[in-house]
Amino acid sequence: MARTTVAGTTVAAVLAELAALEDPKVRAVNEKHGDDHGVNLGRLRGLAKRLKTQQDLACRLWETDDTAAQLLAILICRPKAFAREELDVMVRRARTPKVHGWLVNYVVKKSPHADELRLAWSADPDPVVASAGWALATERVAKKPEGLDLSGLLDVIEAQMRDAPDRLQWAMNHCLAQIGIEHPEHRARAIDIGERLEVLKDYPTPANCTSPFAPIWITEMVRRQHRQ
């Protein structure tokens, strides 16, 4: 018998509903990006809205290791309810890019343990875990830079970004750009690092989007700030 949550919803019932939402065309697109699920994210969010916050159900869905179920779990959980150790285990179990990104952005960033995890993860030998630490660093750069060693972050980026694995490189590059955008005193150095390392310089970018190449990204965002 499926075990029910406080709100009366079973994991089995939710998994059945997710299976009913499966769309082969959506799966084919997602699999090109390393995400093994076929649920339209708009419909997934609609299901989350109907279920509302249910921490117990979220934890049970996460334990299934099913990508769609884990994405739903992230949307209905209470981010501040997780212990530091739980978040560490979760980020190491996040197998797909979408689950990893949502976990960091929607859960870890809202946790009281975010800064401890930033420090621990940034130096982790696992590049995917390290990328989570750099995502948290980027959040601090933008929203709460007090106490951050921005020069030290640039030193690490300058030394390691060019040869970093893709996901870690992307996270470091985002941090580099954010430092250049938000902190004028470090802007010239951030642009110089980007120009010399040439990371993502040739990244294919749609006409209406800003290139992730840090010098272009920084220059464009600063230009927009000055226009406001």
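A residue counts as buried under 20% relative accessible area, as exposed over 50%, and as partly exposed in between. These terms are applied below to a predicted model. Tyr-106 has a relative accessibility of 27%, so this residue is classed as partly exposed. Trp-102, in contrast, is buried, with a relative accessible area of 7%.

Tyr-106 and Trp-102 also belong together in another respect. Both residues sit in helix H7. They are four residues apart, about one turn of the helix. Their rings form an aromatic pair. The centres are 5.3 Å apart, and the planes meet at 45°. The pair is therefore tilted, since planes under 30 degrees apart would count as stacked and planes over 60 as edge-to-face. The protein has two aromatic pairs by this rule.

The overall fold was examined next. The protein contains 13 helices and zero strands. Along the sequence the pattern reads α-α-α-α-α-α-α-α-α-α-α-α-α. The radius of gyration is 19 Å, close to the 17 Å that the globule rule gives for 228 residues, so the protein is as compact as a globular protein of that length. The C-alpha trace spans about 60 × 40 × 35 Å along the principal axes. Of the contacts with a separation of 6 or more, 63% join residues 24 or more positions apart.

Burial and surface were then assessed. Buried residues account for 45% of the 228 residues. The protein exposes about 12,100 Å². Carbon and sulfur atoms supply 53% of that area.

In soluble globular proteins, nonpolar side chains tend to be buried together. In this model, the largest nonpolar core holds 37 residues. The residues with the most contacts inside this core are Leu-18, Leu-61, Trp-62, Leu-72, Ile-76, Leu-103 and Trp-121. Several helices give two or more residues to the core, among them H1 (11-20), H3 (41-51), H4 (55-63) and H5 (67-76). Helices H6 (84-93), H7 (97-107), H8 (114-122) and H9 (127-143) are also on that list. Helix H5 provides the largest share, seven residues. A second, separate core has 29 residues. Its members include Ala-137, Met-161, Leu-197 and Ile-218.

Trp-121 illustrates the packing around the largest core. Neighbours within four places in sequence are left aside here. Beyond them, Trp-121 is in contact with Leu-87, Asp-88, Val-91, Arg-92 and Val-108, among others. Its contacts also include Val-129, Ala-130, Ala-132, Gly-133 and Leu-136.

A polar residue was inspected in the same way. Asn-173 lies in helix H11, which covers residues 166-182. Its relative accessibility is 2%, so Asn-173 counts as buried. Apart from neighbours within four places in sequence, Asn-173 is in contact with Met-161, Val-199, Leu-200, Pro-212, Ala-214 and Trp-217. Of these partners, Met-161 is a member of the second core.

The cysteines were considered last. The count of disulfides is zero. For Cys-77, the nearest cysteine sulfur is that of Cys-59, 7.8 Å away. A disulfide requires sulfur atoms within 2.5 Å, so Cys-77 is in no disulfide. Cys-77 is nevertheless buried, at 7% relative accessibility. Cys-175 is buried too, with a relative accessible area of 0%.

How values were computed:
Residues numbered from 1 in each chain as written. Predicted model: local features only at pLDDT ≥ 70, side-chain atom pairs only at ≥ 80, totals over all residues. Heavy atoms only, no water. Core = buried A, V, L, I, M, F, W, Y, C linked by side-chain atoms within 4.5 Å. Buried < 20%, exposed > 50% of the residue type's maximum accessible area, 1.4 Å probe, protein only. Contact = heavy atoms within 4.5 Å. Phe/Tyr/Trp six-rings, centres within 6.5 Å; stacked < 30°, edge-to-face > 60°. Rg over C-alpha atoms; globule rule 2.2 N^0.38 Å. Areas by Shrake-Rupley, 256 points an atom, 1.4 Å probe, with all protein chains shown as cover.
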